[in-house]
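Let's go through the ligand site and one helix of this model, question by question.

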Amino acid sequence: MIYRALGQTGLQVSIIGFGAAPLGNEYGVINPTVGERAVHAAIEQGVNYFDTSPYYGRTLSETRLGHALRGYRNKVYLATKGGRYGVDGFDFSAQGLATSVEESLRRLQTDTIDVYQLHDIEFVDRRLIIDEALPALERLREQGKFRYIGITGYPLPLLREVGSVHPVDTILSYCHYNLMNTTLSSSLMLFAKQQNIAVINASALHMGILTDQGAPAWHPAPASVHGAACEAAALARDYGTNITTIALQFALQNEDVSTTLVGMGTESEVLDNLALVDTLPDGEALAKILAVIAPVKDVNWHTGLRENDEPNVVG
Ligand code: NAD
């Protein structure tokens, strides 16, 4: 495993982090024992960063992760979130966050969280995030509920703006640095580096699009993006590999990212993915795949408040 600094936190985190959305059955039903084995396999292979949220499986992911981490808590850094609880369920109020943290601590079976993040801030007025939610997190941090504060979401300009107005330790961006989209590099990375804010790159498989099984039905990308990914997957197979391998090899090359979160629900996914640390993609296959993806490269979709949409939004 390779470890990198998580911004200025002092934590050294594995370059692959365990994304626990699949433990909440977000990508299909996972047998709890199988999911637990995936968590243990990841720890055995040196993964020390685990990311979850009450939103994933409406608390199921946190509950399962907390169960799986019994006896392992001191081997890992644990990141969870507050503010988002359903597809349309948000509560970024100070009182709501205070309650949510307590519930997360209980489900995660721990007395402190390492990184606590506001989940998908693009869905509410940014003044609520800046004036109420982030100050509330500062107070909860002082009470020892967690050690570091982060924000997460989809539109990069909003993440940059909020991170510049209120100090945060981490910014989690998803679906903005992988084979389909690399705008994280141009839109956020320089700012984050200057501020010494850790960048966490989530969804290196573009929320399942860059897999042979394809994306879940709820995936928000336009059809053109799914189509190009299908073509890319076929190309990878022609080269005797698979699109997931090339996608992870590609994403892991970015040394400005502290950790790349990959959603994993089985031991075999964990072992396949961790075997890719410190390996390079087949150059010819990668070039052909990038050419197939080029017409839809950097396409963004709408999510959250319209005012937070970034350029290049389709739909
Ligand atoms: P992802 O891009 O990591 O894709 C996950 C899918 O890929 C799952 O279906 C998984 O089973 C599959 N997969 C993983 N390895 C595989 C392999 N070797 N072969 C075949 N299939 C494989 O998407 P994600 O899980 O949504 O993102 C990663 C994590 O990042 C999440 O679990 C979550 O922790 C975090 N995240 C946070 C936010 C946010 O805070 N707003 C948004 C998205 C993701």
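A pocket is an open set of points on a 1 Å grid over the protein atoms alone, with protein on both sides within 12 Å along at least five of seven lines. A molecule sits in one if more than half of its atoms lie within 2 Å of its grid points. This is a predicted model, where local features need pLDDT of at least 70, side-chain atom pairs count only at pLDDT 80 or more, and totals for chains, interfaces and linings use all residues. Residues are numbered from 1 along each chain as its sequence is written, and side-chain values use heavy atoms, with hydrogens and water left out.

Q: Where does the ligand sit?
A: Go by the pocket and sitting rules just given. By those, the ligand's place is the largest pocket.

Q: Which residue's side chain has an N or O atom 2.6 Å from an oxygen atom of the ligand?
A: A polar contact is a pair of N or O atoms within 3.5 Å. A ligand oxygen has its partner at 2.6 Å in the side chain of Tyr-27.

Q: Is helix H9 largely enclosed or not, and how many of its residues are buried?
A: Helices are DSSP runs (H or I, at least four residues), numbered from the N terminus, and buried means under 20% relative accessible area with a 1.4 Å probe, protein chains only. H9 covers residues 243-252 and is largely enclosed by the rest of the structure, because its buried residues number ten of the ten.

Q: Which residue caps the N-terminal end of H9?
A: Look for a side-chain oxygen 3.1 Å from the backbone nitrogen of Thr-244. That oxygen belongs to Asn-242.

Q: Which element gives the largest share of the shell around the ligand?
A: Strands are DSSP runs too (E, at least two residues). With three residues in the shell, the answer is S10.

Methods. Polar contact = N/O pair within 3.5 Å; in protein donor to acceptor, adjacent residues only side chain to side chain. 1 Å grid on protein atoms, 1.4 Å probe; cavity = no way out; pocket = protein on both sides within 12 Å on 5 of 7 lines; lining within 4 Å. Buried < 20%, exposed > 50% of the residue type's maximum accessible area, 1.4 Å probe, protein only.
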